[in-house]
Structures are given as structure tokens and as C-alpha cells.
Amino acid sequence: MTESVPDDVLEYILHYALTLPAEIFEAWRTPSTFAGSPRSNVPNILLVSKRWHNLGLPSLYEAAILRTMHQGRVFAQSTKITNERGVRRGHYLRRLRIEGGHSTYTKTILEKSPGIVAFFVSFDVSLDDSFAGLKRALQQLNPLRLFMYSSLGSHATASNTQSLYKAIGEALPCWTKLKRIDTSPEFLYWTPLIPPLCHLPALEYVSMTNYTATMSIELVALEALLDNPAVKMIQIRDGTNWLKWRGTMAVCYTYPRDKIFLGEGINMTPWQEFPRQDVTSPAARSLDLPDLPDKIWIHILGFATHVHGYNYLDVDDALVDLSKKFNINSTRMSILLVNKRFHRLGLGYLYAIPHITSDQVAAGLAARVESSEQLASFVRVLYVRDEVFLRPDLCIRAPLINLVRLNARIRVLLELDKHVPPGKASPLQWATQTLSPVTSRVKPRDFSIFPHLRRLTLSGGVGDEFSEVYLDALPRLESLKLYNPGSNIFSVFACMELPKLRELGFTVVENEPSDLVEFLEKHGAKLETISLASADATLPKYPAILDYCPNITELRVDCPELPQSMPMFVVSAAPHVALKRLTFSNPALWIGEYAPPEGVKRWNSFIEFLAVHRHKIPALEEVRTLSRFEWPMHEHAYRFSFATSLAFDLHELGIALADKDGTRWTRFRPEPFWQTRRDRRNAGKLTISGGQT
């Protein structure tokens, strides 16, 4: 098909397809980078024909990312191969990123690749890495751009890590063309790197974070850069942290403010454009404010307090989490003290997302909003963290008619219908509420005023008057979770249509609630996710769950440990052809380099259950853990990590291991340190459910 396409056109097309994107090459590492980076099949393009291979090979070798010694060995051998014109493949290399696997092959790659213009080096190296001969090879480079990455940890002081710092530090004076240096968010300039910074003749641009700029002793790294007359711009990407740093005022009169830029992209601003004076000083507070209309000041104060406006309903998790911070709430309070006008305009923002830190604060808030309908109307989010102690009977009986999100043990939900005017609806979108397991009577009509409610979580409560039919209640409800449910609580929701319902969660008990079947018969077919919570590691059989829910794609289990009775839970049900993911959410189920023997035994037992009963869940493709997941950062950690063995076991069954963000384990090598399921089976140590070996 491409015979008629000229070589230069085809070469351009192949260059676009084969060249490594800059955003991938320049991206800072994450914990999952080593074992969770997706495998690339781009090189397969060269297998189409010899012509494609010859034209596309330079583009393929334009950039390389090396993470293991095996990759380094193979790539080093490849850089020495020459084509029919006598050109080595190493001459095509322009961008090189080395994250680990240093050995004598690293020296070979650098020596055979004289045209490198961008060099990325990670200092999170393995104990197995070797830097023999690296210093001389680095000195032969002369890149235009340097990326340096490191993370926090004791590995930074290891002898081989310091050897790498020394090798880079001694090579820097030879890099006379180096124009730009970028460092990772937690990077520190160790002593070997600092002296050469003053004398790099072509260095113009340095990008770092406030952590890198301020964590070195006496700011020696920043001062070394400022002493270099060639440096024109020092970018501090998180500029707000620089402005908050307590030492900023001390250096603002001594550092050249025109060289330091704060922020990123279009938001990057020279430091000199920020006022020198302390905004908390009396002189700053006495500044005349511009005479603007109220509607403009309302928007300004809305953004300043992170509330954004009276009728703004899209309150997301980030905004709720932001409101936990002391400085945000301090700003909301300080605005009221500026003048009477700001007090009038800012009072709503102070009460919009109240910061509740104790039982006394919660009781005081309840008293204030119950005494003033205006203050009650300001409240849009009521959020109380789990660690804050609250009296069990605390209740707010006030017209919270603008409440959008409720996540509190303060009883509010069942009181709202008493204050919403007839024919009106509550804007509530998300509600998590703790009720009394005995005295809180939950009725279907309690939810008739919530047409916008999308997520509802109730703990406790007893169903009452569920014979009433409210088919149109909760028309947008997507997630329903009923923890520690009282009698007949499922019947309350069984009498509703709930057309958008996709997720159900509840606490499992020894005896299956009689009204659960009634609920599943009506709503089970529309469910996509089921969440089960249990106080111990045993789960009742509950075969009706899978039988009544043929379309669920995810089963979430929250147990202190891996559910050992889960085999019976699945085996007793009919084969489920839609279930794709099992998710475990308890923090105790951590996966890391070191695992206690009992935890390993439980995971092995769970793997055996999946192997024996795979035919019951043929569509299962992922096991996800929401608890702590320690990804191996390099080859040495990978070799000895228990997570490697677990990922291998699941991979043999065609199932991926994933962390809470959905990043899947993708790196597999044939001989892990831990015994895989195949190894245990061959050694005769495999025990299957029911005592079989």
C-alpha cells in the first residue's frame, strides 16, 4: 500500500508514530513507574517491511528509557550495530533517560551515543547498580538539557547513590552547552552538585519546587545559581509555597527578584510583581480598597475563600478537603474583620463550609443556625471528619435549605423535609448520615424532597411506613449504601423506582435480611457495583447477591482480612459472566516488599480459590486493593517484593493486580525471588480449599 509513498513522506509519518512523546520522556517518576508502566508495542511498526524498518529505525532510536540492567545490556549492544552506510544506531540517540540498572553497559551507551541533547537521570538507584567508569563517560556528553529526579528516603545517603551524585557533579563542568536544568518535586542538591552550578557558561533556565529551593542548608543551591551570571530565570513551580515560606521576607531584599519566577505555564509570574511588604502588617491593612459593586466583590471573596458563590452547587471532594485546612478558614474569618461591608458580603462564605473540629464547635454551630434562618441558609456543606468526637444525639433542627453535601454524624437528613417549603426541592446531592439503630424511623416520604441526590449512605435506622409508594423519589440516586441496617430498611427503598441506581453497599450479617431479597428482585438487574462490609474475615454465603445481580462488574469487599469464606460465597452462586473486578478496601490488606507469614498464607489461599473456581467468574480481569500498596521503585526492590509474587500469581490466571488509582502491574520477569503458585504446586506445598493438596 505504501510503495507509491515517497521515502521522505513515509519517513515523516514513521517519525510521528515512533518518536517517544516529550510528555512521557519528561514526566517525573511515580511509585508505580517501574512496575506499572504500560508496555509499548510501537517497535512492531518496523516489522511491516524492510523499507519501513530502514526508514523508521532512526526515529525509534531517537529516545530511550532504561530501567533495568537487562534493558541496558540489550540497548548497549544495539547501539554498536551499524547499517550499510556504516552509521551506528547510537548516533541516532538524542534523548536518554536512565532510571536504574546502571552497569558497565551504561558506559557503553554513553560512549556510543555522542549526540545526546537531553539527559534524564534518576538518583533512586538500586543496591545492585554499578557506576564503574561512568564519570569519564558522562564527561564526554554535552547535553542541552538535564533532568534530575530523586524521592525522599534514606536511600539518598547510600554510598552508591552518593557515587552517582559525585559522577554527575564532576561531569557538569564539561557540559558547556547545558542551557536548562529541571529537578523533581522532592529533589535535593547534594554537595557534589553545588559548586559547578556557579560556572556553567550556557545555563539560562532552572526549574524546581519550593522544597528544592529552601531545603538545602542556607539556600546554598539557590545562591549558587543566582551567582551564575548566565542564569536568566529560576522557576519555582509551586510559587504559592514560596510566598508562604517563612524565610521569603528575609531574602526578598537580598535576592534578585527579577530572576525568580513563580508558577507554571501561563500562570508563571515574576516574583518582582508581588509586593514586598507583609500583607499582615497594619500598613497593608490600611490600603484603600477599590470601589467595586457588591456583585463583583462577591465573586472576588468567593474565589478568595474557595467557595465561589452562593448558588454554586458543584461542591466536589477537592473543595471539601480544602476546607479542612486552617489557613483557608482563617482567611474566611479575617475577611469579616476588614470592614462592615466585607462582613456583610463574607458572612455567607464563613458559614458555607463550617470547619468543625470538636463537639463544642458542632454544638455551637447548631445553636447559631437554629437561632437564625439567614445563617442556616448560608450552610452548603456540613462535613465532620471521623476522628472528631461528637455526642451521639447531636441534631440540627434548622432550615438548611441550601445544603449540597452532608457527611456528618450530626443528624440533619430526616429533619430537612420539615423546613423545605411545599412544592420546593432540596439541592442536596451527596449525603452520609449516621442514625440511631433503634429510634431513627426512616420512611419513604422522607426522601421525596431530594430529586438531586446522587449518593446516599446511611448507618443505622429502621424502616417504617414502607407500605407507602413513592415511585418518583430519588430519581437521580446512583449509589445507595446501608451500613448496620435495621429491620425493614431495604423495604423503604424497594418501593421506589430508582432508575439511576448503579451501586449498592451494605453490612453483611450472619442471617440474610428478609427484605434484601425484595430489594434485589426489583433493583438487582440495574446494579453495576456491590460493596460488602464485614466486621471479621468471614462472609455469609448470600448466594442471592450474585444470582439477582447478573450485570455487576465490580464486587467490593471491606473486611479486616482477606475473606476466607469467600470461596463458598462465589461457589454457591451460578457462574457470573459480567464480574470484571474484585476490590478489597481494608487498610490492613497492605501489599509491600515485606509481608507477615500469616498475610502471605491468606493471599496464597485466596489465589488458590481463584484458580480452582475460575470458571465461576470467567470475566474477572482485575484484583484491586484500596489499601497501602508499596510499588517497587527499582530492580532490587522488585526482585524481593511480595507484591511481585502476588502479581505473578494473578497474571498466571489472566488477572491483573491494581492499586487504588487503577494502575495495573505490568512488569513480569521469569524468575522472581518469591515462590509463585506454579513453584508451590511443583513443590507439593499447595493447599486447596477443603483440605485438598
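**Cavities, pockets and helix faces in a predicted model**

The lining of the second largest cavity splits into three nonpolar residues, five polar ones and no charged ones. The residues behind those counts are Leu66, Thr68, Gly72, Ile98, Gly100, Gly101, Thr106 and Ile109. The space they surround comes to about 40 Å³. How many cavities of 30 Å³ or more turn up in the protein? The count is two. It's worth keeping in mind that this is a predicted model.

Stepping back to the whole protein, the chain folds into 28 helices and 22 strands. Of its 693 residues, 49% are buried. The outside adds up to about 33,100 Å² of exposed area, and carbon and sulfur atoms supply 55% of that. If you take the contacts with a separation of 6 or more, 74% of them join residues 24 or more positions apart.

Next comes a pocket. The second largest pocket holds about 1,200 Å³ of space. It is lined by 34 residues, and Leu20, Ser40, Pro43, Ala64 and Ile65 are the closest to its centre. Sorted by type, the lining has 20 nonpolar, eight polar and six charged residues. Which elements supply at least two residues each to this lining? They are α1 (7-18), α4 (50-60), β1 (63-66) and α5 (69-79). Of these, α5 gives the largest share, with five residues.

Helix α5 deserves a look of its own. Its buried residues are Gly72, Phe75, Ala76, Ser78 and Thr79. Around the helix axis they cover an arc of only 160°, so they sit on the same side of α5. The partners that these buried residues pack against are β1 and α6 (104-111). Two of the names here have come up before: Gly72 also helps to line the second largest cavity, and β1 also contributes to the lining of the second largest pocket.

Further along the chain, helix α15 (residues 294-304) has Trp297, Leu301 and Gly302 as buried residues. Why do these three count as being on the same side of the helix? They cover an arc of only 140° around the axis, and that places them together on one side of α15. Turn to the other side of α15 and you'll find Lys295, His299 and Phe303, which are exposed. The buried residues of α15 pack against α17 and α18 (340-352). Just after α15 comes His306, with a positive phi near 60°.

One of those packing partners, α17 (residues 326-336), can be read in a similar way. Its buried residues include Ile328, Asn329 and Arg332, along with Ile335 and Leu336. Looking down the axis of α17, the buried residues fall within an arc of 120°, so they line one face of the helix.

Some single residues are also worth picking out. Ile236 belongs to strand β7 (residues 233-236). Is Ile236 buried or exposed? Its relative accessibility is 0%, and since buried means under 20%, Ile236 counts as buried. Leaving out residues up to four places away in sequence, Ile236 touches Met208, Thr209, Asn210, Ala213, Trp242, Ile260, Phe261, Leu262 and Gly263. From Ile236 to Thr212 is 24 residues in sequence, while their C-alpha atoms are 8.9 Å apart in space.

Glu465 sits in a loop, the one between β15 (462-463) and β16 (479-483). With a relative accessible area of 29%, Glu465 is partly exposed, because that value falls between the 20% limit for buried and the 50% limit for exposed. Apart from neighbours within four places in sequence, Glu465 is in contact with Lys443, Pro444 and Arg445. Glu465 and Arg441 are 24 residues apart along the chain, and 8.9 Å separates their C-alpha atoms.

The loop between β15 and β16 also contains Leu474. Leu474 isn't a glycine, yet its phi is positive, near 50°. At 1% relative accessibility, Leu474 counts as buried. Where does Leu498 lie? Its place is in the loop between α21 (489-494) and β17 (503-507). Leu498 has a positive phi of about 45°, although it is not a glycine. Its relative accessible area is 0%, so Leu498 is buried.

Note on methods:
Residues are numbered from 1 along each chain as its sequence is written. This is a predicted model: local features need pLDDT of at least 70, side-chain atom pairs count only at pLDDT 80 or more; totals for chains, interfaces and linings use all residues. Side-chain values use heavy atoms; hydrogens and water are left out. On a 1 Å grid over the protein atoms alone, a cavity is a set of points where a 1.4 Å probe fits but cannot get out, and a pocket is an open set with protein on both sides within 12 Å along at least five of seven lines; lining residues have an atom within 4 Å of a point. Grid points are joined across faces, edges and corners, and a volume is the space filled by probe spheres set on the points. Helices (H or I, at least four residues) and strands (E, at least two) are DSSP runs, numbered from the N terminus. Ala, Val, Leu, Ile, Met, Phe, Trp, Tyr, Cys and Pro count as nonpolar, Asp, Glu, Lys and Arg as charged, and the others, Gly among them, as polar. Buried means under 20% relative accessible area, exposed over 50%, partly exposed in between (1.4 Å probe, protein chains only). Contact means heavy atoms within 4.5 Å. Accessible areas come from the Shrake-Rupley method with a 1.4 Å probe; for residues, only the protein chains shown count as cover. The arc is that of the directions from the helix axis to the C-beta atoms.
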